[in-house]
Amino acid sequence: MATNAISIIPLDSSASRSELIGSDRGLGKVWASLHMAARTDSAVLIQGETGTGKEIAAKAIHEESFRKRGPYVKLNCAAMPGGLLESQLFGHERGAFTGAVTQTIGHFQHAHTGTLLLDEIGDLPLELQPKLLRVLQEQEFERLGSNRTIRVDVRIVAATNQNLHQMVRERRFRADLFYRLNVFPIALPPLRERREDIPLLVQHFVRKFSSRLNKEISHISGEVIEALRHYDWPGNIRELQNVVERAVIISSGPNLEIPSGVLERIVAGDTPMLTRTLDEVQREHILEALRQSAGVLGGRNGAAVRLGLARATLEYRMRKLGIARDRVVRVGNAAGWA
């Protein structure tokens, strides 16, 4: 059945700020769960594939809860090594470790009376998990380098794209922490399981990026919508958003123009990302940055800057992904790097 073309209505300044867009059929159960979770103060565990909108769902819970006037703080547990992550969570005293020249307040204190989102909770190092469990149970902790107990009032929302049940069975995640986080589980469906929401999402992103880029796009052809609905979207909503943003950038008139080659690949069902893991994609991205920087990690032209990461974070991810810098440099030298 052919899909009708879409006329784009300009953004309404009074429209909801939430980007958790979907129909009752596509997201009805999720909305009901979010509303129910917002009325409690229990820990929430949001699970879903990469790009399904876990962070947006967490923010929606906070904004509908009685803590909405309090701070909303988020921390990505996969973005830094364990030592630095502990300091980010709990803070540290001056002199607690080399380089600790001032007292630093952690995310738990920053989130006092509000909500703390712990994204990528499956990447939390095992040695930190008992400390997090204690804060969840007792609402108290000590900064690194201090014996003074600090009490906080924080609601925890955790998010992950990993199977924590499996990680518990493999002893890569503590069972007691999992059960403490899994008080109110919410599962976000992948975009391929809610195709009826794709036209709504496309309209939303066209309005968003048209407003931001000062474009006047008022029409999306039925052919484009039909093609987008039949693609599997392995990167989920984030991938769709990126495609629409590129389309808005290249569109010169009132019609949305899909970038050259993208629509053809979608129509052909070319979805190579379905067979690649997130780690494989990250590994390839880091290796490309290392090739471009001739194996240099730091400095203005180093791989860390190219990737938008701190050098310590890049080194941590390289170790995690099994990327040996000396091997990268040897390969680069053989290829003629300067």
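In this predicted model, Asn236 has its place in helix H10, which spans residues 236-250. Asn236 is buried, because its relative accessible area is 0%, and the cut-off for burial is under 20%. A polar atom of the Asn236 side chain lies 2.9 Å from the backbone nitrogen of Leu191. Leu191 is also among the residues in contact with Asn236 once neighbours within four places in sequence are left aside. The others are Glu49, Thr50, Gly51, Thr52 and Pro190.

Thr160 offers a second example of a buried polar residue. Thr160 sits in strand E9. Its relative accessibility is 1%, so Thr160 counts as buried. A polar atom of its side chain lies 2.9 Å from the backbone nitrogen of Gln162. Beyond four places in sequence, Thr160 touches Leu45, Ile46, Gln47, Gly48, Lys54, Ile121 and Gly122.

Strand E9 belongs to an open sheet. Strands of a sheet pair through backbone hydrogen bonds, either parallel or antiparallel. Here 5 strands are arranged in the order E3-E6-E9-E2-E10, and the pairing is parallel. E3 and strand E10 (184-187) stand at the edges. Each has a single partner strand, so one side of each is left without a neighbour in the sheet. From one strand to the next, the twist averages 20°.

The pairings can be followed across the sheet. E3 and E6 run parallel and are joined by 5 bridges. Leu75 has Leu118 in E6 as its bridge partner. E6 and E9 pair in the parallel sense over 4 bridges. Leu118 stands opposite Ala158 in E9. Strand E2 (residues 44-47) runs parallel to E10, with 4 bridges between them. In this pairing, Gln47 stands opposite Ala187 in E10.

Strand E6 is largely enclosed by the rest of the structure, because 5 of its 5 residues are buried. Thr115, Leu117 and Asp119 point one way from E6. Leu116 and Leu118 point the other way. Both sets are buried. Helix H2 (residues 54-64) lies across E2, E3, E6, E9 and E10. H2 runs at about 150° to E2.

The largest nonpolar core has 32 residues. Those with the most contacts inside this core are Leu89, Phe108, Leu118, Ile121, Leu124 and Phe173. Several elements each supply at least two residues of the core. The strands are E3 (72-76), E6 (115-119) and E9 (155-160). The helices are H3 (82-90), H5 (129-138), H6 (164-169) and H7 (175-181). The largest share, 4 residues, comes from H5. Apart from this core lies another, of 22 residues. Val202, Ile225, Tyr231 and Ala247 are among the residues of that other core.

The surroundings of Ile121 show how parts of the chain come together. Residues up to four places away in sequence are not counted. Ile121 then touches Leu45, Cys77, Leu132, Ala158, Ala159, Thr160, Leu164, Phe173 and Leu181. Among these contacts are Thr160, the buried residue of E9, and Phe173, another residue with the most contacts inside the largest core.

Charged side chains form 16 salt bridges in the model. Glu55 forms one with Lys74, and their closest N and O atoms are 2.4 Å apart. This pair links distant parts of the chain, 19 residues apart. Glu55 lies in helix H2 and Lys74 in strand E3. Glu55 is partly exposed, with a relative accessible area of 34%. Lys74 is also partly exposed, at 47% relative accessibility.

Lys131 and Glu86 meet in a salt bridge at 2.3 Å, N to O. This pair also links distant parts of the chain, with Lys131 in helix H5 and Glu86 in helix H3, 45 residues apart. Lys131 counts as partly exposed at 38% relative accessibility, whereas Glu86 counts as buried at 13%.

A further salt bridge joins the side chains of Asp176 and Arg174, at 2.6 Å from N to O. Asp176 is partly exposed at 33% relative accessibility. Arg174 is partly exposed too, with a relative accessible area of 31%. Finally, Arg134, Glu140, Glu142 and Arg151 are linked in a network of salt bridges.

Technical notes:
Residues numbered from 1 in each chain as written. Predicted model: local features only at pLDDT ≥ 70, side-chain atom pairs only at ≥ 80, totals over all residues. Heavy atoms only, no water. Core = buried A, V, L, I, M, F, W, Y, C linked by side-chain atoms within 4.5 Å. Buried < 20%, exposed > 50% of the residue type's maximum accessible area, 1.4 Å probe, protein only. Contact = heavy atoms within 4.5 Å. Polar contact = N/O pair within 3.5 Å; in protein donor to acceptor, adjacent residues only side chain to side chain. Pairing = 2+ DSSP bridges. Axes fitted to C-alpha atoms, helices over the stretch in contact; angles between N-to-C directions. Salt bridge = Lys/Arg side-chain N within 4 Å of Asp/Glu carboxyl O.
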